[in-house]
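Here is a walk through one protein model, taken a piece at a time. Keep the sequence and the 3D view side by side as you read.

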Amino acid sequence: MHSFPPRLIEGYRTFTSHRLPTEQSRYRELSVRGQSPEVMVIGCCDSRVSPEVIFDVGPGELFVVRNIANLVPVYQPDGGAHGVSAALEFAVQVLKVKHIVVLGHAQCGGIRAFVDKIEPLTPGDFIGRWMAMFIKPGEKVEQRPHETMQDFVTRIEKAAVFRSLENLMTFPFVKKAVEQNQLHLHGAYFGVAEGSLFVLDQAAKEFRGVRETA
């Protein structure tokens with residue numbers, strides 16, 4: 001039997017000796033009062049893109065759900081088990097979050113696999129079926145003439161954010177909260193190599209660097 005990952009034990013010990021003492025009261029308060037984050041982040045499982053690290057937040061500040069390629073499915077009350085939809089329902093209906101941020105990123109493996117159509121990305125496997133919902137029936141995703149592969153992948157990574165924002169509005173409770181100005185939807189894109197953050201200007205339908213918008 002393999003031992004628990006040593007790196008995690010080491011990290012926990014650092015946490016208890018350094019960070020926990022400064023945030024102990026916060027943890028105690030959260031355990032009694034419960035969580036009440038104002039922001040939900042829908043991000044990718046990619047280990048390089050941690051919302052808590054990128055936004056430098058403490059415990060209880062973000063409600064986070066992560067999946068392959070930060071995708072939100074369309075509203076599908078079909079009796080099946082839907083993890084992202086369940087998290088979304090809890091965030092909006094129970095926690096009453098005020099903001100939902102869809103956080104895309106560069107070098108996304110899910111998007112790259114989708115673009116390359118590599119194995120085992122087949123219609124019958126989990127990744128293939130998951131990524132398939134990114135595309136509407138009859139829609140084609142192809143590289144444009146004179147578009148480099150890098151530009152193509154980046155465009156699709158950003159398109160995934162747009163599609164997820166679009167799909168969010170298919171949920172009746174999200175649509176209602178947005179229309180009543182109780183909930184605001186946002187898109188963002190993280191550049192892994194540079195640590196750069198781009199926020200979606202929804203009016204212009206363009207991502208703008210945070211340094212540009214500051």
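Start with His 105. Setting aside neighbours within four places in sequence, His 105 is in contact with Cys 44, Asp 46, Arg 48, Val 49, Asn 70, Glu 157, Tyr 189, Phe 190 and Val 192. This histidine lies in strand E3. Is His 105 buried or exposed? His 105 counts as buried because its relative accessibility is 1%. Keep in mind that this is a predicted model.

Two of the contacts of His 105, Asp 46 and Arg 48, also meet each other. Their side chains form a salt bridge, at 2.6 Å from N to O. The two partners can be told apart by accessibility. Asp 46 counts as buried, at 14% relative accessibility. Arg 48 counts as partly exposed, at 41%.

How many salt bridges does the count come to? The count comes to twelve. Look next at helix H4, residues 109-116. There the side chains of Asp 116 and Arg 112 meet in a salt bridge, at 2.9 Å from N to O. Why are these two separated by about one helical turn? Asp 116 and Arg 112 are four residues apart in helix H4, so about one helical turn separates them. Asp 116 is partly exposed, at 33% relative accessibility. Arg 112 is partly exposed too, with a relative accessible area of 35%.

Helix H7 holds another such pair. Glu 179 forms a salt bridge with Lys 175, and their closest N and O atoms are 2.5 Å apart. Because Glu 179 and Lys 175 are four residues apart in helix H7, about one helical turn lies between them. Glu 179 counts as exposed, at 55% relative accessibility. Lys 175 is partly exposed, at 37%. Elsewhere, salt bridges join into a network. Its members are Lys 136, Glu 139, Arg 163 and Glu 166.

Now turn to the nonpolar side chains. In soluble globular proteins, such side chains tend to be buried together. The largest nonpolar core here has 26 residues. Which of them touch the most other members? They are Met 40, Leu 88, Val 92, Ile 100, Leu 168 and Val 174. Several elements give two or more residues to this core. The strands are E1 (39-44), E2 (62-67), E3 (99-105) and E4 (184-191). The helices are H3 (83-94), H6 (149-168) and H7 (172-179). Helix H3 gives the most to this core, with four residues.

Take Met 40 as a viewpoint. Leaving aside neighbours within four places in sequence, Met 40 is in contact with Phe 63, Val 65, Ala 87, Leu 88, Ala 91, Val 97, His 99, Ile 100 and Val 101. Apart from the largest core lies another, of 13 residues. Among them are Val 115, Phe 134, Ile 156 and Ala 160.

Aromatic rings come next. A search of the whole structure finds nine aromatic pairs. One of them is formed by Phe 63 and Phe 90, and it is tilted: 5.8 Å centre to centre, with 40° between the planes. What does this pair tie together? Phe 63 lies in strand E2 and Phe 90 in helix H3, so the pair ties together parts that are 27 residues apart in sequence. Phe 63 counts as buried, at 14% relative accessibility. Phe 90 is partly exposed, with a relative accessible area of 34%. Phe 63 is also one of the contacts of Met 40. In addition, ring pairs link Phe 162, Tyr 189, Phe 198 and Phe 207 into a cluster. Tyr 189 is one of the contacts of His 105.

Finally, look at the surface. Phe 4, Leu 8 and Ile 9 form a nonpolar patch there, with about 290 Å² of accessible area together. Phe 4 sits in the segment before helix H1 (6-33). At 55% relative accessibility, Phe 4 counts as exposed.

End at Ala 203. This residue lies in the loop between strand E5 (196-201) and strand E6 (206-209). Ala 203 is exposed, with a relative accessible area of 78%. How far is its C-alpha atom from that of Gln 76? The C-alpha atoms of Ala 203 and Gln 76 are separated by 28 Å, and the two residues are 127 apart along the chain.

How values were computed. Residues numbered from 1 in each chain as written. Predicted model: local features only at pLDDT ≥ 70, side-chain atom pairs only at ≥ 80, totals over all residues. Heavy atoms only, no water. Core = buried A, V, L, I, M, F, W, Y, C linked by side-chain atoms within 4.5 Å. Buried < 20%, exposed > 50% of the residue type's maximum accessible area, 1.4 Å probe, protein only. Contact = heavy atoms within 4.5 Å. Patch = residues over 30% accessible without salt bridge, like charges linked within 9 Å, V, L, I, M, F, W, Y side chains within 5 Å. Areas by Shrake-Rupley, 256 points an atom, 1.4 Å probe, with all protein chains shown as cover. Salt bridge = Lys/Arg side-chain N within 4 Å of Asp/Glu carboxyl O. Phe/Tyr/Trp six-rings, centres within 6.5 Å; stacked < 30°, edge-to-face > 60°.
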